[in-house]
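Welcome to this tour. Please open your viewer, keep the sequence panel in sight, and get ready to select residues as we go.

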Amino acid sequence: MKLLMFTQYFPPETGAPQARLYELAIRLKAAGHQVRILTAMPNYPRGRVFDGYRGRLVVKENQNGLDVVRTAIWPSISKSFLPRFLSYCSFVLSSLMLGFRAAGSTEVVLLESPPIFLCVSGVVLSRLRGARLILMVSDIWPDILVRMGSVRAGPLLSAMLALESWAYRNSTLVAVTNPGARRQLRERFPYLQTAVISNGVDLSLFRPGLRSKRIRSMLGGEESTFLIGYCGLHGIAQGLACGVS
C-alpha cells in the first residue's frame, strides 16, 4: 500500500511526535508498505530552520530508507498564539503549493494533529489524490488549548471548533492514543469511526535485563523497590510552573 505520512514534525528534530512518527514509518516500511513523508523544514525546538535547509523551498531526501519531502515554514517558538498560528499557516500553504506534486500518488494519507490547521491541506491533498484520510490525533485541539488558557471564547475558538468538526467529517478514521481520548471524541462526535493506536516501546532497547543497581542506589531504591520513571515532555501543557513562586 502507498502511504503518505503528513506531519509538521519529523527528525532530525527531537521530540515526542518526531520519535513516534519516525518509528511508525520505519515499521510500516518494514511491513512492506511504500511510505513517503511530507513534512516541514526542520526547525524545532530551536525556532529557526536548521543549517543545510535554510532558504530552501523544497527538499527531497532519503532518511534511512524513507523518502522525505520537506517544504518551507516560517518557524516560531513564541509563547504567544499569533506567531505560532502564523507559523502553522505558513506550512499549511507551502505543503499545498509545493508539496502536492512532490509527494506523488498515494492510497492513504496519515495526517498527524496537532496542529489542527494542517487538516486543511491534509483534507485537500487526500481529495486531490483520491486517497483515504486517517487523522492521527495525539492531542485534541482546540480542547487542550482552552484548558491551557491559550485560546479563549471568541471568533478564533469558534473557527477552530468548526475546523475540528470539518476535519473529522472528512476523515475515514480518527485514531487517538488512549481510550479516554476516544470516549471524549465519541461523546461529541458519535458518528466518528475511531481507533486507539497507543504509543509503544522498542523492547530491544527497554527490557528488564537492563536493570542498574547503581542507578537504583542513586535514586534511593532498594533491590526490591518498585521505581517509576517519567520520560515524557516537560513543557507548557504539563503545568510544571503552577504554584511555583
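Is A25 buried or exposed? Select this residue and show the surface around it. A25 is buried, with a relative accessible area of 0%. Keep in mind as you look that this is a predicted model.

**Stop 1: helix α1**

Now colour the helix that holds A25, which is α1. Beyond the residues up to four places away in sequence, A25 touches M5, V35, I37 and L66. Show those four side chains together with A25. Next, draw a distance between the C-alpha atoms of A25 and D67: these residues are 42 apart along the chain, yet the atoms are separated by 10 Å.

Stay in the helix and select Q18, which also belongs to α1, running over residues 16-30. Is Q18 buried or exposed? With 1% relative accessibility, Q18 counts as buried, because that value is under 20%. Leaving out neighbours within four places in sequence, its contacts are Y9, F10, P11, E13 and Y44. If you draw a line from the C-alpha atom of Q18 to that of T7, 11 residues away along the chain, it spans 9.0 Å.

**Stop 2: strand β3**

Move to Q63, in strand β3 (residues 58-63). Q63 is buried too, with a relative accessible area of 15%. Which residues is Q63 in contact with, leaving aside its neighbours within four places in sequence? Select F10, P11, P12, Y22, V68 and R70 to see them. You have met F10 and P11 before, as contacts of Q18.

**Stop 3: salt bridges**

Side chains of opposite charge can pair when their charged atoms come close. How many salt bridges does the structure hold? There are 7, and we will visit some of them.

Begin with R70, which you just selected as a contact of Q63. Its side chain meets that of E61 in a salt bridge, at 2.5 Å from N to O. Compare the surroundings of the two partners: R70 counts as buried at 0% relative accessibility, whereas E61 is partly exposed, with a relative accessible area of 23%. Salt bridges with shared partners also join E23, R27 and D202 into one network, so select those three as a group.

Next, return to D67, the far end of your line from A25. D67 and R36 form a salt bridge through their side chains, at 3.9 Å from N to O. D67 sits in strand β4 (residues 66-71) and R36 in strand β2 (residues 34-40), so this pair ties together parts that are 31 residues apart in sequence. Both are partly exposed: D67 has a relative accessible area of 34%, and R36 has one of 29%.

Then select D51 and R54, whose closest N and O atoms are 2.9 Å apart in another salt bridge. Here D51 is exposed, with a relative accessible area of 60%, while R54 counts as partly exposed at 48%.

**Stop 4: aromatic rings**

Show the aromatic side chains. The structure holds 11 aromatic pairs. Zoom in on F81 and F85: the ring centres are 6.0 Å apart and the planes lie at 20°, so this pair is stacked. Why are F81 and F85 separated by about one helical turn? The two are 4 residues apart in helix α2 (residues 81-97), which accounts for that spacing. F81 counts as buried at 12% relative accessibility, and F85 as partly exposed at 22%.

Now add Y88, F117 and W141 to your selection, and you will see the cluster that ring pairs build with F81 and F85.

Rings can have charged company too, as two more selections show. Select R46 and F50: the charged end of R46 sits over the ring of F50, 4.2 Å from its centre. Then try R129 and F100, where R129 lies over the face of F100 at 4.0 Å from the ring centre.

**Stop 5: a nonpolar surface patch**

Finish by turning the surface back on. Which residues make a nonpolar surface patch of about 450 Å²? Select V201, L203, L205 and F206 to find it. One of these, L203, is found in the loop between β8 (194-196) and α8 (213-218). L203 counts as exposed, at 58% relative accessibility, whereas A25, where the tour began, is buried at 0%.

Terms used: Residues are numbered from 1 along each chain as its sequence is written. This is a predicted model: local features need pLDDT of at least 70, side-chain atom pairs count only at pLDDT 80 or more; totals for chains, interfaces and linings use all residues. Side-chain values use heavy atoms; hydrogens and water are left out. Rings of Phe, Tyr and Trp (its six-membered ring) pair if their centres lie within 6.5 Å; planes under 30 degrees apart count as stacked, over 60 as edge-to-face and the rest as tilted. Buried means under 20% relative accessible area, exposed over 50%, partly exposed in between (1.4 Å probe, protein chains only). A charge sits over a ring if NZ of Lys or CZ of Arg is within 6 Å of the ring centre and within 35 degrees of the ring normal. Contact means heavy atoms within 4.5 Å. Patches are made of residues with over 30% relative accessible area and no salt bridge: like charges are joined within 9 Å, nonpolar side chains (Val, Leu, Ile, Met, Phe, Trp, Tyr) within 5 Å. Accessible areas come from the Shrake-Rupley method with a 1.4 Å probe; for residues, only the protein chains shown count as cover. A salt bridge is a side-chain nitrogen of Lys or Arg within 4 Å of a carboxyl oxygen of Asp or Glu.
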